[in-house]
Amino acid sequence: MDKEEIISFERLCESMLKCKCNVIWKPSVSSYYLNGIERNLQLSQQLADGTYRPRAPRLIKITYPKKRDGLSIAFRDRVYQRSLNDNEVYPMLTKSFIYDNCACQRGKGTDFARKRLKRHLWKFYTRHGNSGYVLQIDIKGYYPNMRHDVVKKTFREHLPKETYEMSAKILDEQYVGDVGYNPGSQMVQIAGISVLDKLDHYIKERLHAKYYLRYMDDFLIIYHDKNVLKAWLEIIKERLALIGFRVSEKKTTIKSIRTGFDFLGFTYRVTSTGKIIMIAKSERVKHERYMLRKMAKLVARGRMTVAKYEECYASWRNHINKGNSFKLLVKMDKYKKEVLEYETRKNHDQRPRRARTCKPRSRD
């Protein structure tokens, strides 16, 4: 697809409709959408005649699930970047991806990664039983340590020259220096799943790691020989160092599949009969209990509806229900009901009461 098609009015309108999903409540988004025809015509013209200038991105603080710096992109610039990504960058870069690269792709995500992991565990069990090990590798500071030259080289190898220049210009305008990106831009998200593509092929095709899975910067390899996994770990460390990455020694482990390991919010283990147990991590449960108490207080004070309270809990419950968590969910259902009743009763008891007034008796 050529540049004229990417920046055409029709493509920008399609991009705008995708970008507004779930954020139409923001004033800047609703203002752009209500004047979408005029704004997209103006944006298309500016991109065509070279007068387009992106607005400065705004740094934001992300606090959950871990503290980090993010980047907020102006909606107008997001519309253009979405058109470029969806129509050219994403289709070209993902052509070479292995099937077990699970993050940020159509038809893939956390649910796909969990199902794929269970598939790998079952296939491994049919050949070796549950006497195996899993090597988990986590890169330390993935986005903050991502080198700009590595990202540009990856883009240059897979994109047409004109598309590459458009993508490189966006990255150079948003991020200064030679190292480090902040999550928030779709262009950076696609870079995150692309820069390790060559390493994926090396692990699958040269190391012949059959039971391999990657979700962004989290690697997972299942094998029956612990010493082989240790040797593979050293090889992977060396290849990561060539592109400026180091593994996190704290999060990089080799564990038995019998005793269990953590992946994407759940703890997995394989029993002697081949059953794959998938239990929610305790940290997720503790956080949900904290959020239920916090939301219950808002409901008691009239700042949140009971329907919204139930909706938020139902979303978490559906996520946890993907694992073997029947007893946990029974307890959480009971806790959700009790904490709301307690906060409602507590707020009612603390409500100030009006003093009773008596009419003075007549002296007649």
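**Figure 1. Arg116 and its salt-bridge partner, Asp100, up close.** Start with Arg116: this residue is partly exposed, and its relative accessible area is 21%. Asp100, on the other hand, is buried, at just 3% relative accessible area. Keep in mind as you look around that this is a predicted model. The two side chains come together in a salt bridge, with 2.5 Å from N to O. Where do Arg116 and Asp100 sit? Arg116 belongs to helix 6 (residues 110–128), while Asp100 is in the loop between helix 5 (75–93) and helix 6, so the pair ties together parts that are 16 residues apart in sequence.

**Figure 2. Two helices linked through Lys336 and Glu310.** Here we've moved along to another salt bridge, this one between Lys336 and Glu310, whose closest N and O atoms are 3.0 Å apart. Lys336 is part of helix 14 (residues 326–350) and Glu310 is part of helix 13 (residues 306–320), so this pair ties together parts that are 26 residues apart in sequence. Which of the two is buried, and which is partly exposed? Lys336 is the buried one, with a relative accessible area of 13%. Glu310 counts as partly exposed, at 32% relative accessibility.

**Figure 3. A small salt-bridge network with Arg11 in it.** Glu5, Arg11 and Glu14 are joined into one network by salt bridges that share partners. Let's zoom in on one of those bridges: Arg11 pairs with Glu14, and their closest N and O atoms are 3.4 Å apart. How many residues separate Arg11 and Glu14 in helix 2? They're three residues apart, which is about one turn of that helix (residues 9–19). Both ends of this bridge are partly exposed: Arg11 has a relative accessible area of 21%, and Glu14 has 38%.

**Figure 4. Lys294 and Glu343, brought into one view.** You'll find Lys294 in helix 12 (residues 282–300). Its relative accessible area is 44%, so Lys294 is partly exposed. Now look across to Glu343, which is 49 residues away from Lys294 along the chain. How far apart are the C-alpha atoms of these two residues? They're separated by 9.7 Å.

**Figure 5. Stepping back to the protein chain as a whole, with its 14 helices and nine strands.** Now that you've seen some close-ups, here's the setting they come from. The C-alpha atoms fill a box of roughly 105 × 65 × 30 Å along the principal axes. The chain has a radius of gyration of 26 Å, whereas a compact globule of 364 residues would have one near 21 Å. Of those 364 residues, 43% count as buried. Among contacts with a separation of 6 or more, 69% are between residues 24 or more positions apart. As for the surface, the chain exposes about 21400 Å², and 50% of that comes from carbon and sulfur atoms.

**Figure 6. Charges across the protein chain, 75 positive and 41 negative.** If you take the mean position of the positive charges and the mean position of the negative ones, the two points are 10 Å apart. Side chains of opposite charge can pair when their charged atoms come close. How many salt bridges does the count come to? The answer is 19, and the pairs shown earlier include Arg116 with Asp100 and Lys336 with Glu310.

Key:
Residues are numbered from 1 along each chain as its sequence is written. This is a predicted model: local features need pLDDT of at least 70, side-chain atom pairs count only at pLDDT 80 or more; totals for chains, interfaces and linings use all residues. Side-chain values use heavy atoms; hydrogens and water are left out. Helices (H or I, at least four residues) and strands (E, at least two) are DSSP runs, numbered from the N terminus. The radius of gyration is taken over C-alpha atoms; the globule rule is 2.2 Å times the number of residues to the power 0.38. Buried means under 20% relative accessible area, exposed over 50%, partly exposed in between (1.4 Å probe, protein chains only). Contact means heavy atoms within 4.5 Å. Accessible areas come from the Shrake-Rupley method with a 1.4 Å probe; for residues, only the protein chains shown count as cover. Lys and Arg count as positive and Asp and Glu as negative; His and the chain ends are not counted. The place of a charge is taken as NZ of Lys, CZ of Arg, CG of Asp or CD of Glu. A salt bridge is a side-chain nitrogen of Lys or Arg within 4 Å of a carboxyl oxygen of Asp or Glu.
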